[in-house]
Amino acid sequence: MAQEKATLRSVGRPRSVDAAQASLALLLNLVRTGAATTRQELERRSELGRAVVADRLATMIELGLLKEGELGQATGGRAPRQMQFRQDAGSLLVSAIDQSSIALGIADLNGQLLVEHHEAAQLDSGPEVILDRLATIFDWLLRETEKPAPWGIGLALPGPIEKPPTDFETVPVLQTVQTWQGFPFLERLSMRFGVPIFARSGVQTMTMGEAKSGGGRGLSDIIYVKLGRSISAGLISEGRLHRGAQGAAGMIGHSRVGEDLLEAVAGADVIAREGMAAAEDGRSPYLAQALARQGELSVVDIGHAAQLGDLFCVDLLGRCGRMVGEALAPLTNLVNPALIVVGGVVAESGGDSLLAGIREAVYRQSHPMVSRDLQIIRSQMGASSGLVGAAQVVVEELFAPATLQGWIGLGSPVRHPDFQKRLERMSASAAAEAAPPAGRVAP
Amino acid sequence: MNSKTPGDTAMSIAGLGPHGERAVPADQIQLTPADAAQALTRRFSVALVLHTTTSDWSKQELAGIAATLGLYSAALVEVVDCNFDVDLQVAALTRLAREPVDAVISIPIGNARVAAAHRDLTLSGRKLVLLDNAPTGMLPGTDYASVVSTDNFGLGQSCAAMLSAHIPPNGAAGILGYGIDFFATHEREIAFRKWMGSHRPDVTLVRERFAELEGAGPAALEMVQKTPGLSGIFAVWDVPAMKAVRALAQNGIELPFTTVDLGNEVALDMARRGMIKGIGAQFAV
C-alpha cells in the first residue's frame, strides 16, 4: 500500500522518486539517531517544508518504520508529539566465530542485543559444521524468543575481511580462515535466511562493541586489543572504525619482538606452553597441581594461578603484558587514544599482572601529553563485544544513506532491488553447483 | 558409589558464561585470611531474592548461602520469594535499593524485563551477585559483581546422554521446555538438542512448553498424545518433571524421564525405579 503510494506520487516526475527516497532516508535517520524527534525539529534539521515532512512521516508510519510516541517538551503552545523509530520492525542476527568458540545473538534495529548464547566450538571442525550450527541456533532463538523476522546478519570472523567492491557483495572468507578456502560461507548463510550479510574481523567488531556499550561508550578515540591465540588491535578514531586500505588494519601480532613475532611470544598458546614447562619442572607448584588434576593446562589456569599469587605466573603474565605494551606504545603515540581496552582470553584470565605489564610499557614509552589522561582497562564485555559490534556493523550498513534510499520505500532492506538481484545470482550459482555433472558419468 | 572425592570426579565445565567467559570452579575461589578478617569486622548484611523458595534446589541454595555468610559474620537479613513473578522481583529490588543492605544475591527471573531493576540496585551502591544468569546487556564490574551458576550446558548434555539409552533407533524424544526467556533453561535445551543432533541424529525431537508450573503436566500429556512412539522426555528442571510424571501416571502412561536439579522427589522416584531415569546435577563444593 505504502509502496503504491510512493510510486503514484512519482508518476510523470521521475526525478522526484529519488528526492522522495532521499528525504525519507534523511528523516528516518534523524529520528533513529535521536538527532530530531518532533516535527518542528525535523523540519529545521532536514530543511524540508512542513507538508513534505508530514507526508514522509505518514509514509513511514504506514511502512511500519516509525510510530508516534510520547509528548515532548512544549516550547509555548501545545506539546509536540515525538516520533519514534520502531526498532522492533525487524531483527538482526549476529554471530562471532572464534578459534575455539562461537557466539550468537539477536539484536533489535538499534543494535541492542536482546538475547545471546555462547558455546565452545572448534574452528577446524570445518565450515559446514559451523554453518549448520549457526543456522540451527538462529532458527531456535528466533522461534523460542519470538523475535521479528531478520533484516540482516552481522558476522565477526577470526581474521581480516577484505572490503567488498559493491553493496551486498559478499567477500570470500578464504583470507580469514585458510581451511575454509573456496567454501561459500557468507553466501550460504545469507541465502539460508534470505537477508543481506556483512562481515568484519572479530577484532573490528569487538572494537565497535566496546565503543557502543563497553568502556569506550561516549568516547571517540579508542584502541581495542585482542589478546588470544592471535594478537590484533582495532582503532576507532574520531568516532569511526579504521579498517585500512584492504580492511586488514590492526595486525599488531605481526610486530617483531627481537627475532620473533609478538604473537609467538605473548599469545595464548605460548603462555600455555610455558606454563606446562613450569608445571613439569616444578617452577610453579600451583600449575603442577592443576596439571595433575586436569591432565592439561590453558592460559585460564595460568591467569588463575597468578591471581592466587603463584610467582612464576605473575612474572610470566607481567612479561607478556610488557611485550604487548611495547607494541602498543608507538600506536598510542600515533593516534592519541582516550582509552585502551584489553580483551580476549589472555586478558580475561591474565588479570592484574598482565594489565600492570601493559601499563608499565605504554606509559613509559608514550609522550606525556598522550599518556596524561590515557586509561588502560580490561574489557568487561568479553565475547559480547563482538556481537554488539556485529549488530552495529549491520545497523550502519543498512541505514547508510545511499543504501537506505534503495529500500526505504519498500519497507525492508530485504526487498532492496540490489540485494534481491544478488540473492538470485547466489541461488543460481548454488543450483548450478548442486546440479549433477553433465556428460557421461563413469560407472 | 565410589570412594573418589568430589574434586576427583569433578567434570570439566562444558558451558560458557553469559559473555562467553570460561568459568572458574567454585572450589577454586578463596578469601585470603586478611579479607576474611576484614569481612568479620564489617558484619555485612545481605538480602537474597529467589524465584521461589519452595523447591529443593532453592532450599539447598538458601542453606548454603546462609551457612557461608555466617562463617564471615555476615547476616542474611531478608529472603524474598518472587513466586516466578517478574513484577514482584522488580518491586523487591526497587525496595532493597533503599534498604540498609550491603549486598543482594538475586536470580533474575526472565531477561529484559528485570534488567533495569537489577542495574538500578547496583547504581544505588549495593553489591549485586547474580545466580544462574545475567540479563542480556548487563556487564560484570559495572552492573553486577559476578554470576554464580551451575554448568547448565553440561547438565543438558548429560540429560541427553542419559535419555538416549532409553530411545530406540529412529525413535522420538520429547523436550518439556520453559516458555519464558530464561538463560539457564535455554542453555539446557540448546545443549540437549546439540548432543542429540550429534550423537543420535536418528532421534526425532518434539517439544512442548509450559509458562507456569501447573502447565507442565498438561504439556507432557499433549506431547504424548501428539507423538505416537514417544520414548522419553527431558524436562528442563525437577519440579515440572515431577508434575509431568504424575500427570502421565494418572493416565496410565509410563515413560523414561531425565531432568536437572537433585530435588527430593525426583531422587526418590529414581531410587524407586519410577519414571525418572537420570538427574543432571552438580556437586556443591
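**Close-up views of a predicted two-chain model**

With 17 C-beta neighbours inside 10 Å, Phe84(B) counts as partly exposed. That residue opens the tour below, and please keep in mind throughout that this is a predicted model.

**Figure 1. Phe84(B), a residue with a positive phi in a loop of chain B.** Look for Phe84(B) in the loop that runs between β2 (75–81) and α4 of chain B. Its phi is positive, about 60 degrees, although Phe84(B) is not a glycine. This is worth a second glance because most residues other than glycine have a negative phi. How exposed is Phe84(B), judged by its C-beta neighbours inside 10 Å? Partly exposed, since a residue is called buried from 20 neighbours upward and exposed at 12 or fewer, and Phe84(B) has 17.

**Figure 2. Leu93(B) and its surroundings in chain B.** Leu93(B) belongs to helix α4 of chain B, which covers residues 86–96. Is Leu93(B) buried or exposed? Leu93(B) counts as buried because 26 C-beta neighbours lie inside 10 Å. If we set aside the neighbours within four places in sequence, the contacts of Leu93(B) are Val49(B), Ser106(B), Ala117(B), His118(B) and Leu121(B). Take His118(B) as an example: 25 residues separate it from Leu93(B) in sequence, while the C-alpha atoms of the two are 6.7 Å apart in space.

**Figure 3. The two domains of chain B and their contact.** Chain B is split into domain 1, residues 31–148, and domain 2, residues 152–280. Taken over C-alpha atoms, the centres of these two domains of chain B are 30 Å from each other. Where the domains touch, domain 1 of chain B supplies seven residues and domain 2 of chain B supplies nine. On the domain 1 side of this contact in chain B, one residue is nonpolar, four are polar and two are charged.

**Figure 4. Where chain B meets chain A.** How many residues of chain B are in contact with chain A? There are 19 of them, and they touch 23 residues of chain A. The chain B side of this contact is made up of seven nonpolar, nine polar and three charged residues.

**Figure 5. Chain A and its three domains.** Let us step back for a moment to take in the whole of chain A, which has 17 helices and 14 strands. Its C-alpha atoms fill a box of roughly 85 × 80 × 40 Å along the principal axes. Of the 443 residues in chain A, 47% are buried. Domain 1 of chain A spans 2–85, domain 2 combines 91–202 with 387–430, and domain 3 spans 215–380. Between the C-alpha centres of domain 1 and domain 3 of chain A there are 48 Å.

**Figure 6. Helices α7(A) and α15(A) crossing.** Helix α7 of chain A (residues 202–213) and helix α15 of chain A (residues 384–398) cross at roughly 90 degrees, and their axes come within 6 Å. The two helices, α7(A) and α15(A), are therefore roughly perpendicular to each other. Residues of α7(A) in this contact include Thr205(A), Met206(A) and Gly209(A), and those of α15(A) include Leu387(A), Ala390(A) and Val393(A). By class, the contact of α7(A) with α15(A) holds six nonpolar, ten polar and two charged residues.

**Figure 7. Helices α9(A) and α10(A) packing.** Here helix α9 of chain A (residues 268–280) packs against helix α10 of chain A (residues 285–294) at an angle of about 95 degrees, and their axes are 8 Å apart. So α9(A) and α10(A) are roughly perpendicular to each other. Which residues meet in this contact of α9(A) and α10(A)? Gly275(A), Ala278(A) and Ala279(A) come from α9(A), and Leu287(A), Ala288(A) and Leu291(A) come from α10(A). Five of the residues in this contact are nonpolar, one is polar and none is charged.

**Figure 8. Helices α11(A) and α13(A) side by side.** Helix α11 of chain A (residues 299–307) and helix α13 of chain A (residues 345–365) have axes 7 Å apart and an angle of about 15 degrees between them. That is why α11(A) and α13(A) are roughly parallel to each other. Their crossing is left-handed. The contact of α11(A) with α13(A) contains six nonpolar, seven polar and no charged residues.

Terms used
Residues are numbered from 1 along each chain as its sequence is written. Chains are lettered from A and ligands numbered from 1 in the order in which they are written. This is a predicted model: local features need pLDDT of at least 70, side-chain atom pairs count only at pLDDT 80 or more; totals for chains, interfaces and linings use all residues. Ala, Val, Leu, Ile, Met, Phe, Trp, Tyr, Cys and Pro count as nonpolar, Asp, Glu, Lys and Arg as charged, and the others, Gly among them, as polar. Helices (H or I, at least four residues) and strands (E, at least two) are DSSP runs, numbered from the N terminus. Domain bounds come from an automatic or database domain assignment. Axes are lines fitted to C-alpha atoms, for helices over the stretch in contact, and angles run from 0 to 180 degrees between N-to-C directions. Angles under 35 degrees count as roughly parallel, over 145 as roughly antiparallel, 65 to 115 as roughly perpendicular and the rest as oblique. A crossing is left-handed if the near helix is turned anticlockwise from the far one by less than a right angle, and right-handed if clockwise.
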